[in-house]
Number of protein chains: 2
Amino acid sequence: MITIEAPRLRAASDVPGGRRKQRVSMADVARLAGVSSQTVSRVANGAAGVVETTREQVLAAMSELGYRPNSAARSLRYGRFNTIGVILFGLASIGNSRTVEAIATHAAAEGYAITLIPVGAATQDNVMGAFTRMGELAVDGVILIIEVHLLDASAVAIPPGVHVVVVDSDAGDRYPVVDTDQADGARQAVRHLLELGHRTVRHVAGPVESYAAERRAGAWRHVLEEAGRPVHTPERGDWSADSGYHAGLRLAADPACTAIFAANDQMALGVLRALHERGRRVPADVSVVGFDDIADAGSYLPPLTTVHQDFAEVGRRCVHALLRQIHDEPADAGTDLVATRLVIRGSTAPPG
Amino acid sequence: MITIEAPRLRAASDVPGGRRKQRVSMADVARLAGVSSQTVSRVANGAAGVVETTREQVLAAMSELGYRPNSAARSLRYGRFNTIGVILFGLASIGNSRTVEAIATHAAAEGYAITLIPVGAATQDNVMGAFTRMGELAVDGVILIIEVHLLDASAVAIPPGVHVVVVDSDAGDRYPVVDTDQADGARQAVRHLLELGHRTVRHVAGPVESYAAERRAGAWRHVLEEAGRPVHTPERGDWSADSGYHAGLRLAADPACTAIFAANDQMALGVLRALHERGRRVPADVSVVGFDDIADAGSYLPPLTTVHQDFAEVGRRCVHALLRQIHDEPADAGTDLVATRLVIRGSTAPPG
DNA sequence: GTACGTCATGTTTACGTAAACATGACTGCC
DNA sequence: GGCAGTCATGTTTACGTAAACATGACGTAC
């Protein structure tokens with residue numbers, strides 16, 4: 001039933017004479033089957049016009065020799081790679097990995113593979129290197145999951161002729177952008193807290209260099225101003241639970257603080273811990289809302305009210321927008337926003 | 001400073017006459033610079049034997065035309081792709097995404113790109129499809145982050161001549177395997193609890209089809225038996241916090257239960273929630289240990305004692321083992337285990 | 001019975017690159 | 001002054017595939 005073979009550790013060097021025969025090509029199959037290599041090509045691509053007996057001979061020869069098409073030659077011939085590049089800082093962020101997973105899945109469904117191009121820390125050199133490499137990369141298009149303004153800051157151009165879609169950025173004037181509707185999600189979170197009766201809402205923001213963080217913070221501020229409520233300076237975190245913990249300790253020190261909107265679930269987790277350590281009960285004394293709705297959020301103590309983000313949908317739309325470009329279809333410039341929704345669990349309640 | 005250009009939405013169809021010139025090739029550069037394409041090749045590859053004035057002309061022509069090497073042609077010529085394939089079920093698991101990230105980083109450092117090949121659900125069709133595609137894939141080798149026995153169950157062969165490294169599996173007899181030392185990690189966790197004075201330790205195991213889960217459970221059982229302690233049937237989870245919660249509810253119902261070892265941190269989180277809801281204090285009434293040491297574990301209530309896993313090191317060793325194969329160096333069959341270490345935080349204490 | 005169409009299959013060529021070999025100019029040495 | 005050697009550069013070829021075109025056998029219609 002299974003035919004896994006021992007790994008061939010010495011590659012394809014078993015041709016006598018030391019000359020390295022790459023591996024089985026169409027010509028080899030053709031020789032064995034007694035046909036021309038063009039006929040092999042026709043069989044391989046399921047083209048019409050091959051008589052059944054011939055086809056079977058070719059297939060037999062293929063499996064005897066273990067023929068596998070050479071995709072480099074194919075790509076060269078067709079001028080396409082059937083591959084999408086994904087440039088990102090890292091998979092550490094849960095949003096990133098889920099978006100990438102969705103991209104990979106939808107790309108595969110369309111016959112595209114995806115190539116990951118991580119750019120380590122956001123130093124100029126790294127980003128530059130990634131793009132230099134990308135120039136030579138075997139991709140038909142690129143999805144940028146990266147703060148694009150960091151690219152702008154380095155003297156790096158996206159090579160002309162490379163199709164691009166950007167996630168999570170304000171580059172909508174230059175590239176098609178797909179993004180979660182950050183502002184609307186934040187509005188829902190803040191309004192929910194105000195509707196519960198809280199006088200105002202404190203914010204634990206993400207890092208300044210993140211557009212997502214800035215838009216969440218902007219919407220938070222806007223809702224408060226619109227409602228005529230006091231706006232405190234937001235606490236700054238770096239998305240990590242630990243940074244949320246430290247922000248939470250500062251907020252716990254203020255007895256007037258009854259409602260906190262954290263820019264992501266992990267910082268909210270840190271806030272919950274800080275409040276717990278300081279003896280502030282959630283939600284009786286303080287309400288907390290997160291953002292992302294990661295899988296664990298429902299198991300926090302208490303289960304976290306948060307804004308659900310549809311990463312899979314973002315990935316799906318990225319792939320399709322990019323494929324439209326690759327297939328020369330009319331471009332949809334501007335920003336495509338994916339809706340969010342507030343998931344109410346146990347971390348929010350009217351003020352005590 | 002920055003020269004990002006408008007996306008070219010109509011590809012390279014600006015050659016008059018409707019014929020589609022792919023894009024700038026060495027021949028085009030050669031024509032403009034008034035040299036042969038071989039000289040362009042020499043400049044592109046930094047080969048010696050090009051006089052300075054010529055080199056500058058070529059470089060000027062390159063940048064004027066926006067030349068970028070065609071990697072399909074390069075791969076065809078060299079017979080290598082400089083690409084590593086990673087086959088996995090998904091990035092949802094935190095371990096997977098961190099391993100993949102490390103793989104991508106180390107591969108990039110060696111001049112290799114990585115291609116992601118997700119196989120969705122573990123159905124036979126999916127796995128088969130991934131391998132069929134992989135046969136045509138432009139990769140020099142493959143890292144399998146997948147339960148290999150699931151492959152065995154489908155009638156699928158890893159194509160001969162494809163270099164393979166496997167993560168997290170018992171395939172050490174057939175392929176080089178890199179893995180975390182699951183058993184030792186689990187031993188440390190259980191011994192820690194016994195040393196604190198607990199009479200025995202209950203286990204919340206991962207799914208049966210996971211070798212990692214089986215090895216953690218096996219080591220847990222072994223330590224208990226060695227110490228002559230009672231061994232209860234483990235609760236089964238599916239790695240999710242939610243499954244840990246349900247397992248935790250069952251364990252909370254048993255007043256004799258004072259120590260729990262969960263097979264990962266997320267299930268431990270669920271256990272913590274269940275214990276909290278049932279009024280069992282952690283660690284005063286019940287001690288809990290997890291596995292993985294994910295970034296959030298230090299922010300749980302209470303901060304989780306857990307087994308630290310070095311995903312980055314696993315990724316690093318995978319890449320290097322695979323590159324050794326690709327470069328025809330002596331194979332290191334068998335299993336390469338990465339050490340773990342217990343991180344003691346606030347969720348464990350002597351029994352009340 | 002011949003002429004033409006149909007269809008399976010073979011032959012030529014191009015995709016872009018770079019190794020291997022070829023050429024030709026100049027240098028330096030006797 | 002002529003000849004060998006050096007070095008920059010050009011020409012040929014192969015990598016594996018598949019489109020475009022070519023061939024030739026057979027069948028059918030008049």
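H4(A) gives the surface near DNA strand D its largest share of residues, four in total. Over at DNA strand C, that role goes to H4(B), which also puts in four residues. Keep in mind that this is a predicted model. Here's a quick tour of how the protein meets the two DNA strands, one strand at a time.

**Who sits around DNA strand D**

- DNA strand D has 25 residues around it.
- The closest ones come from both chains: Met26(A), Gln38(A), Tyr67(A) and Arg74(A), plus Thr54(B).
- Sorted by class, this surface has twelve polar, nine nonpolar and four charged residues.
- Four helices each chip in at least two residues here: H2 (37-44) and H4 (71-78) of chain A, and H2 (37-44) and H4 (71-78) of chain B.
- If you look at the atoms of DNA strand D within 4 Å of the protein, 61% are sugar or phosphate, and bases make up the rest.

**Polar contacts to DNA strand D**

- Tyr67(A) places a polar side-chain atom 2.6 Å from a phosphate oxygen of the strand.
- Asn70(A) uses its backbone instead, with an N or O atom 3.1 Å from a phosphate oxygen.
- Arg77(A) has a polar side-chain atom 3.2 Å from a sugar or linking oxygen of DNA strand D.

**Who sits around DNA strand C**

- For DNA strand C, the count of surrounding residues is 24.
- Among the closest, chain B provides Met26(B), Gln38(B), Tyr67(B) and Arg74(B), while chain A provides Thr54(A).
- Of the atoms of DNA strand C that come within 4 Å of the protein, 62% belong to sugar and phosphate.
- The class breakdown for this surface is eleven polar, nine nonpolar and four charged residues.
- H2 and H4 of chain A, along with H2 and H4 of chain B, each supply at least two residues of the surface near DNA strand C.

**Polar contacts to DNA strand C**

- Gln38(B) goes to a base: a side-chain N or O atom lies 2.4 Å from a base nitrogen of the strand.
- Arg74(B) goes to the phosphate, with a side-chain N or O atom 2.7 Å from a phosphate oxygen.
- Asn45(B) also has a phosphate partner, and its side-chain N or O atom is 3.0 Å from a phosphate oxygen of DNA strand C.

Notes. Residues numbered from 1 in each chain as written. Chains lettered and ligands numbered in written order. Predicted model: local features only at pLDDT ≥ 70, side-chain atom pairs only at ≥ 80, totals over all residues. Heavy atoms only, no water. Near = heavy atom within 4 Å. Polar contact = N/O pair within 3.5 Å; in protein donor to acceptor, adjacent residues only side chain to side chain. Nonpolar A, V, L, I, M, F, W, Y, C, P; charged D, E, K, R; others polar.
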